[in-house]
Structures are given as C-alpha cells and as structure tokens.
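Open the model in a viewer and keep the sequence panel visible. The stops below are given in the order in which to select them.

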Amino acid sequence: MKILYTIYQVCFALPILLVLTILTALVTIVGSLIGGAHTWGYYPGKIWSQLVCYILLIPVKVHGREKLHKHTSYVFVPNHQGAFDIFLVYGFLGRNFKWMMKKGLRKIPFVGKACESAGHIFVDRSSPKKVLATMRQAESSLKDGVSLVVFPEGARTFSGHMGYFKRGAFQLADELHLEVVPVTIDGSFEILS
C-alpha cells in the first residue's frame, strides 16, 4: 500500500501541487496589487493549503477554534515539526493572519514574491534597528482581527522534539497587548520532516 501511495504522490499529486502553488502565488500577487492584501494574502493560501491536504489524502482534525473571538487579533505560536506545518496552519487555523518568517524565505521563486505582496512579515535580525522595523510592520498589519503566526522555535525540528522558544513572538505580543494562543501540531513530522 505504501508503494502505491508513493507512486500516487510522485506521478499525480506532485505535478498538481506544483501547478497549484504557482497559480496560488500568481493569484496572490495580482490580487494584492489590485487591492486588499489582507484578503488576497489569506484566502488563496487557505484554499491552496486545504487542497494540498486533500490531494495528499491527509486527514486533519482541529480542536479549540471555537474558543477564539471572531474580531480579535492574536499571536498564534505553533510548534514547528516540519514543512507540512505551513499547510496545516494556513488551511485550518480559520483566521486571517500574517506570517512572521525569516527574510531568506523571500528568495523562494513565486512564493517569496506572493508573501511579500500579501504583506507577510519578513524578519531581518541583522541589526536592532531592522528588528524594530519588523515590529512596526507587524503592528500596522494587526488590525480588524488580522492575527500573526510565529513559529517560536524559529526553525523546524530535526529530531521531532520541540526546540527552545525564541522570545520575539512573546515580546511582540506583550508590546502590542495581544493574547498569545499556543497551537499544538501533532503528526506533521511523520508526514514531511
């Protein structure tokens, strides 16, 4: 059965997902240029992420979303097991948000430009002045219930175990008087470490 699934992934799912990724990036870029980066930066990515999970036949269960207030901005801090976490958070968090990500991710073809167009926040830790500019950009983005997602470990785990948290997400939440919502992702390390 595992061999059939691998064949399905390589021959069917992977080509579709590559095309979906490029289309989603283009829709996000063009839509954000037309106007409404909050909308175009969220919904195409949400649909893309859900399609990725459905095409790869990955079941997803979400618990606790009902405890969040609809028009409140939060700082979501999920653990970071693997690359698949992006699809899980984007597709199933159920909240419009901005990612806080490393500036190096801007170099990914199509995806980096889409993230930039959508107003996601790239962290430049090269100087205190640039970190402060990142904080100001985050502050201006978090309005009308738009939240922030930060992986507090700063990078994916290589062992499957949770790493040490960096303090940036918590400092930002404190400075902006936003509630921190912990998010537990379980099982994505086994899917795509």
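Select Y42, which is buried, with a relative accessible area of 2%; buried means under 20% relative accessible area, exposed over 50% and partly exposed in between, with a 1.4 Å probe and protein chains only. The model is predicted, so local features need pLDDT of at least 70 and side-chain atom pairs count only at pLDDT 80 or more, while totals for chains, interfaces and linings use all residues. Residues are numbered from 1 along each chain as its sequence is written, and side-chain values use heavy atoms, with hydrogens and water left out.

**Aromatic pairs**

Rings of Phe, Tyr and Trp (its six-membered ring) pair if their centres lie within 6.5 Å; planes under 30 degrees apart count as stacked, over 60 as edge-to-face and the rest as tilted. By this rule there are 12 aromatic pairs. Add Y43 to the selection: its ring centre is 4.8 Å from that of Y42 and the planes are at 75°, so the pair is edge-to-face. Y43 is partly exposed, at 42% relative accessible area.

Next, select Y74 and F76, a tilted pair with 5.8 Å centre to centre and 55° between the planes. Y74 is buried at 2% relative accessible area, and F76 is buried at 1%.

Now show Y42, Y43, Y90, F97, W99 and F151 together; ring pairs link them into a cluster.

For a ring with a charge, go to F122: the charged end of R106 sits over this ring, 4.1 Å from its centre. The criterion is NZ of Lys or CZ of Arg within 6 Å of the ring centre and within 35 degrees of the ring normal.

**The second largest pocket**

Where is the centre of the second largest pocket to be found? The pocket holds about 580 Å³ of space. Of its 24 lining residues, the closest to its centre are K61, V62, H63, V183 and T184. A pocket here is an open set of points on a 1 Å grid over the protein atoms alone, where a 1.4 Å probe fits, with protein on both sides within 12 Å along at least five of seven lines; lining residues have an atom within 4 Å of a point.

Colour α4 (85-92), β5 (179-183) and α8 (188-191), the elements that give two or more residues to this lining. Helices (H or I, at least four residues) and strands (E, at least two) are DSSP runs, numbered from the N terminus. Stay on α4: 7 of its 8 residues are buried, so it is largely enclosed by the rest of the structure. The buried ones are D85, F87, L88, V89, Y90, G91 and F92. Just after α4, G94 has a positive phi of about 80°.

**Around α6**

Select D124, in the loop between β3 (121-123) and α6 (128-141). D124 is buried at 15% relative accessible area. Beyond residues up to four places away in sequence, D124 touches K103, K130, V131 and T134, where contact means heavy atoms within 4.5 Å.

Move to V131 in helix α6, which is partly exposed at 31%. With the same sequence neighbours excluded, V131 touches D124 and R125. The C-alpha atoms of V131 and G168 are 9.4 Å apart, with these positions 37 residues apart along the chain.

Last, select L142, in the loop between α6 and β4 (147-149). L142 is buried, at 11% relative accessibility. Leaving aside neighbours within four places in sequence, L142 is in contact with S73, S147, L148, L176 and L178. The C-alpha atoms of L142 and L178, 36 residues apart along the chain, are separated by 9.5 Å.

Conventions: Grid points are joined across faces, edges and corners, and a volume is the space filled by probe spheres set on the points.
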